[in-house]
Structures are given as structure tokens and as C-alpha cells.
Amino acid sequence: QGPSALSKLTVLSAVAIALMVVDARFKLADPVRSGVASVIYPLQWLVMQPVRAAELVSHYFTGLQAAQNKQTEATEALARQAMRAAQVELLTLENQRLRELLDIQHRVTTPSQGAQVLYDAGDPYTRKIVIDRGTTQGVQAGAPVLDGHGVLGQVTRAYPLTAEVTLLTDRSQAISVLNTRTGARSLAYGAPSAESAGLELRFIATHADIEVGDLLSTSGVDGVYPSGLPVGRVTRVERENSAAFARIEAEPVARPLAALHVLVLQLPPPTERPAPAPAKPATGAKR
């Protein structure tokens, strides 16, 4: 039957321990280990290829997902930066117009208050805007409205919280103007067109002294607009010998299509006229 299993285990364990001690001390197994490693390296390389391929595929998809995430983040950051840039431009424009509005407010002695344009009127055949001030804030129908450059229009309807402003370029509007160069007074009417919105000076004689570039300001004779406010500038003068009146067009100094904040002036108080005294019968009159 031979030696027992316990004897074999003991002997083999002693031999294994002896070999480990000898290898650790004299490095006898290094050549054998190198030879075995050289022999099994091709097999080891072949076995590792599927693992490396799987790792490469995993890294590719992981890198692709990371690149897509970074691209998405970069796109969102660019959109936020563009939005901030647009907001900065809008705030800069709004700040500039508010400065212009404050500057014209300092030049006007009439009590006034600021207002913000909410939206344009829904009627496409009129030139009207709606502001966020109404009768609750003291806005009255007929009050003049200015922007940072000049006269913009007039309040035509006042509600408790909002008010409707009809621009000077509307067909129904007319304003008394003064030529600052000659001192001549005239009436400027709204003259909207498909190309632009302007003003038209009517009933001006063909020989009248008016030229392109003349500045028109409020005359103050209508009792609504204070005198000296800029209204428009003459852009076209046509004179025909066969016509009694010249055709004169002007461009408003204000910016009706770009107004964001306006200045609403207070209407002057109505002039109180004394009532006429009743006629007294003459004393001593004879029939």
C-alpha cells in the first residue's frame, strides 16, 4: 500500500519549505521562472486581448459620454452668457434712456412723473402706446408725454392703473410748433406711412422762410404743451408754383418706436374767468 497520506503530506511540505528557503537564499528558481514566463507570455497576451478590448470600448463610450456632457454644459454656459450679454445691453440702453429722461426733466419746470411703456395699442391703424400710470397716480387725459429727446404724444385715455398715449405721428394728432430759426408758428400733423412715421406741416405758403434742418419746438400757445420743447426737424420742403401751399415734412425728435420710459407732465390748471356782471337798468330812463 505504500506510505500513508499523512506521511506524504509531511514529506512534500518539508520539500516545499526547503525549496522556498533555497530559492529565497540562492535564487535558484529565477532561470526557471524566466523560462516559464517567456513560454506562457503569448498565451497570456492572447487571453488578455478580450479584456483589453472590453476596457478600450468602455473607455471610448465613457469618454464619448463625458465629451457630450461637456459640450452640453458648454452650450448651456454659452446660452447663459449670451442672455447675460443681452440683459447687460438692455440695461445699458435703459440706463442711457433714463439719464436722457432725467436730463429733460430737469429742463422742464412743469410737475411731472415717470412712467414705463407696457405695450403698443392693438389697433394697427393708430399710433398709440399704453403706460403703467393712470388716474390713481394723477395722470389726466390730455397730459403731454415726453421721452428723453422731445415731445412723444399726449394722453388720450386715462384708466385707474394705466393710460393710453396717442403719439404725435398718429393721423388724429396736431400740435402747435414754432420754427426756432425764424420764429414762425404753424401746425404739425401726424403723417404715418408704410415706410416711416413722421410729421407734416400744412397750410404753409410756398414763399415762406423754411428750410430743411430747421428745428421745430412747442410754441406754448395751445395751453397744453410748455413752450420750448423739441418736437421735430424739417426733412423735406417741396415748393410748386401752381400750388398755394408748400409740402413740408418733418421727422419727430422723439423716438416713438423705441420708447421704454416716458415722462408725463401735469396739465396746467384751467384759467378761471370772472363771470360778467349783470347789466343794470339806467336810472331816470323815459319811455
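This text walks through the structure from its overall makeup to its helix and its barrel.

The model is predicted. The protein carries 2 helices and 12 strands. Their order along the sequence is simple to read: α-α-β-β-β-β-β-β-β-β-β-β-β-β. Both helices therefore come before the strands in that pattern.

Next come the global values. The protein has 287 residues, and 26% of them count as buried. The exposed area is about 19800 Å². Carbon and sulfur atoms supply 59% of that area. Contacts tell about reach along the chain. Take the contacts between residues at least 6 apart in sequence: 56% of these join residues at least 24 apart.

Start at helix α1, which covers residues 5–26. Does its length fit its residue count, and why? The helix has 22 residues, and at 1.5 Å a residue it should span 32 Å. The expected span takes 1.5 Å times one less than the number of residues. The end C-alpha atoms of α1 lie 31 Å apart, so the two values agree. How many of the 22 residues of α1 are buried? The count is 1, and the helix is hardly covered. In general, an α-helix has 3.6 residues a turn, so residues three or four places apart point the same way. Just after α1 sits Lys-27, with a positive phi of about 60°.

Now move to the barrel. Which strands close it, and in what order? There are 6 of them, arranged β6-β7-β8-β11-β10-β9, and their pairing is antiparallel. From one strand to the next, the twist averages 45°. As a rule, strands of a sheet pair through backbone hydrogen bonds, either parallel or antiparallel.

Strand β10, residues 230–238, is a good place to look in detail. On one side, β10 pairs with β9, residues 215–218. That pairing is antiparallel and runs over 3 bridges. Here Ser-217 stands opposite Pro-230 of β10.

β10 also pairs with β11, residues 245–252. These two strands run antiparallel and are joined by 6 bridges. In this pair, Arg-233 has Glu-251 of β11 as its bridge partner. What links β10 to β11 along the chain? A hairpin does, through 6 residues. In a regular strand, side chains alternate between the two faces of the sheet.

Methods
Residues numbered from 1 in each chain as written. Predicted model: local features only at pLDDT ≥ 70, side-chain atom pairs only at ≥ 80, totals over all residues. Heavy atoms only, no water. Helix = DSSP H or I, 4+ residues; strand = E, 2+ residues; numbered from the N terminus. Buried < 20%, exposed > 50% of the residue type's maximum accessible area, 1.4 Å probe, protein only. Contact = heavy atoms within 4.5 Å. Areas by Shrake-Rupley, 256 points an atom, 1.4 Å probe, with all protein chains shown as cover. Pairing = 2+ DSSP bridges. Axes fitted to C-alpha atoms, helices over the stretch in contact; angles between N-to-C directions.
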